[in-house]
Structure formats: structure tokens, C-alpha cells
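Here's a quick briefing on the fold, the core and the surface of one protein chain. Have a look at the model first, then run through the points below.

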Amino acid sequence: QVQLVESGGGLVQAGGSLRLSCAASGRTFSNYDMGWYRRAPGKERELVAAISGSGGSTTYADSVKGRFTISRGNAKNTVYLQMNSLKPEDTAIYYCNAALKRPNWRPGDYWGQGTQVTVSS
């Protein structure tokens, strides 16, 4: 089992920044690819960004490229999502996910409880 706890969400004005954190416990953190997903009201869940276990590979949704940065600190069992130049359309609940050996950045079995991000115009 892997337990994931997100933090760092909140209310911010358009153009502002937030940094999300996801603390993991339970298994060897560096074995897991980690991803940030979001679900906006009335929309499907989407992958925002993901990072490989070593941190050497990343992927981003087109809508956040150049604005968001995913990183991880394996010594701290934590993955981060730095979000800059936020837009109202970034408003959603953001979820952390841990995946073990899934192809094509598919989500794994472990999810956090989610953290709300609200961007006002």
C-alpha cells in the first residue's frame, strides 16, 4: 500500500502561483512514477503532469506546458507541482497518483484525497 497526502491548494488570482506537494508513505517511493491529475466541475479527469521514479523523465498536458513544473525529492518521499501563470481554467481538484510500471503514463492504483485549486479572474 501507498498512502498519498496532498497539500498546497487554495485560492489565487489569475496570473498567480501555487505549489502543490504530495507526501508518500508505505513503499519505496523511487519505484513509483508519480502523477498529478485534475478534475474540473463537469469535466473528465485529466493528467496534468507526471514524472518517472528517477525523476529523469516528465510529461505535461499541452494546456500547462511552460507554466507548470513537476519535480520530486526521493529523499523526502515527496512530489511537487509548481504552478505559475495560473488561469481560471486551471480551477479543479488536483490529485496525486502513484503508478508502478504502467505504460504510457497511465495512472496507478494509489490516489490522494485531492486538494482544491481555485483561480479567480
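**Fold and core at a glance**

Residues 24 or more positions apart account for 56% of the contacts (heavy atoms within 4.5 Å) in the protein chain with a separation of 6 or more. Keep in mind that this is a predicted model, where local features need pLDDT of at least 70, side-chain atom pairs count only at pLDDT 80 or more, and totals for chains, interfaces and linings use all residues. Numbering runs from 1 along each chain as its sequence is written, and side-chain values use heavy atoms, with hydrogens and water left out.

**Fold**
- The chain has 11 strands and 0 helices, going by DSSP runs numbered from the N terminus (strands E, at least two residues; helices H or I, at least four).
- Its C-alpha trace spans about 40 × 25 × 25 Å along the principal axes.

**Core**
- Buried residues (under 20% relative accessible area, 1.4 Å probe, protein chains only) make up 42% of the 121 residues.
- The largest nonpolar core (buried Ala, Val, Leu, Ile, Met, Phe, Trp, Tyr and Cys joined through side-chain atoms within 4.5 Å) has 30 residues, and among those touching the most other members are Trp-36, Met-83 and Tyr-94.
- Strands supplying at least two residues each to this core include E4 (33-39), E8 (78-83) and E9 (92-99).
- Leaving aside residues up to four places away in sequence, Met-83 touches Gly-16, Ser-17, Leu-18, Leu-20, Arg-67, Phe-68, Tyr-94 and Val-117.

**Surface**
- About 6300 Å² is exposed (Shrake-Rupley method, 1.4 Å probe), with carbon and sulfur atoms supplying 46% of it.

Methods: Buried means under 20% relative accessible area, exposed over 50%, partly exposed in between (1.4 Å probe, protein chains only).
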